[in-house]
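Visitor: I would like a close look at one part of this model. Please take it residue by residue, then show me what surrounds it.

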Amino acid sequence: MSWTRVLVLSLVSFLLILTLTSAVRSAAVPDDAKPADAKDAVRRVFMAESEASNFFKRRSRRSPKYYAELVVEQGMKRAASERRREFNEEQRNEYEKYAEEDRDEINERSREMSEQLREYHYDGLYPRSHWFH
């Protein structure tokens, strides 16, 4: 119970100190902040009428694409599919390499185990070449 009182008192004192410091007041934004030039702000937001008409004259939404746009778009699609194909090929090669190493390791372990079993069960009656064919 006493530690909660200590914690609450320390937090309250911290907040009191924080509100009384001048660092908090200096971080506040002054209320009399106005744009330096209203025309400059309007000029940055809006464009001239000639530029606006040219912006919409280029191509409407339903008009067919220009040949150059089609060529660029097809090139981008081709490049993306080439990157995807290379990535998938690289992943497939890595997996094949891993699988081959894993198979080799498993085969080596099973071969060693079978050799150990043959040596353990060899009773000397048969020629050794009989077991390793």
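What relative accessible area does E82 have, and is E82 buried, partly exposed or exposed?

Guide: E82 has a relative accessible area of 33%, and that makes E82 partly exposed. The classes are buried (under 20% relative accessible area), exposed (over 50%) and partly exposed (in between), with a 1.4 Å probe and protein chains only.

Some ground rules come before the rest. This is a predicted model, so local features need pLDDT of at least 70 and side-chain atom pairs count only at pLDDT 80 or more, while totals for chains, interfaces and linings use all residues. Residues are numbered from 1 along each chain as its sequence is written, and side-chain values use heavy atoms, with hydrogens and water left out.

Now the partner of E82. The side chain of E82 meets that of R85 in a salt bridge, at 2.6 Å from N to O. (A salt bridge is a side-chain nitrogen of Lys or Arg within 4 Å of a carboxyl oxygen of Asp or Glu.) Both residues sit in helix α5, 3 residues apart, so about one helical turn separates E82 from R85. R85 has a relative accessible area of 43%, which means that R85, too, is partly exposed. The contact does not end with this pair. E89 joins in: E82, R85 and E89 are linked in a network of salt bridges.

That network is part of a longer list. The structure holds 6 salt bridges. Two others deserve a look, both in helix α5.

Take K77 and E73. Their side chains form a salt bridge with an N to O distance of 3.6 Å. In helix α5, K77 and E73 are 4 residues apart, and about one helical turn lies between them. K77 is exposed, at 55% relative accessible area. E73 counts as partly exposed, because its relative accessibility is 29%.

Next come R111 and E108. Their side chains meet in a salt bridge at 2.7 Å, N to O. These residues are again in helix α5, with 3 residues, or about one turn of the helix, from one to the other. R111 is partly exposed, with a relative accessible area of 39%. E108 is partly exposed as well, at 33%.

Helix α5 also carries an aromatic contact. A search of the whole structure finds 1 aromatic pair. The partners are Y95 and Y98: their ring centres are 6.4 Å apart and their planes stand at 45 degrees, so the pair is tilted. (Rings of Phe, Tyr and Trp, the last by its six-membered ring, pair if their centres lie within 6.5 Å; planes under 30 degrees apart are stacked, over 60 edge-to-face, the rest tilted.) Y95 and Y98 are 3 residues apart in helix α5, about one turn of the helix. Both rings belong to exposed residues, as Y95 and Y98 are each in that class.

How far can this helix be trusted? Confidence is given as pLDDT, which runs from 0 to 100 for each residue. Helix α5 covers residues 67-121 and has the highest confidence in the protein, at a mean of 93. Helix α2, residues 22-27, has the lowest, at a mean of 57. Where pLDDT is low, the predicted coordinates should not be read in detail. For the protein, the mean pLDDT is 78, and 65% of the residues reach 70 or more.

Last, the setting. The protein has 5 helices and 0 strands. Along the sequence the pattern is α-α-α-α-α. (Both kinds of element are DSSP runs, numbered from the N terminus: helices are H or I, at least four residues, and strands are E, at least two.) Burial is scarce here: of the 133 residues in the protein, buried ones make up 1%. Helix α1 illustrates this. Of its 19 residues, the number buried is 0, so α1 lies largely in the open.

Back to your residue. E82 is partly exposed, at 33%. E82 is bridged to R85 at 2.6 Å, and E82 shares a salt-bridge network with R85 and E89.

Key. pLDDT is the predictor's confidence in each residue, from 0 to 100.
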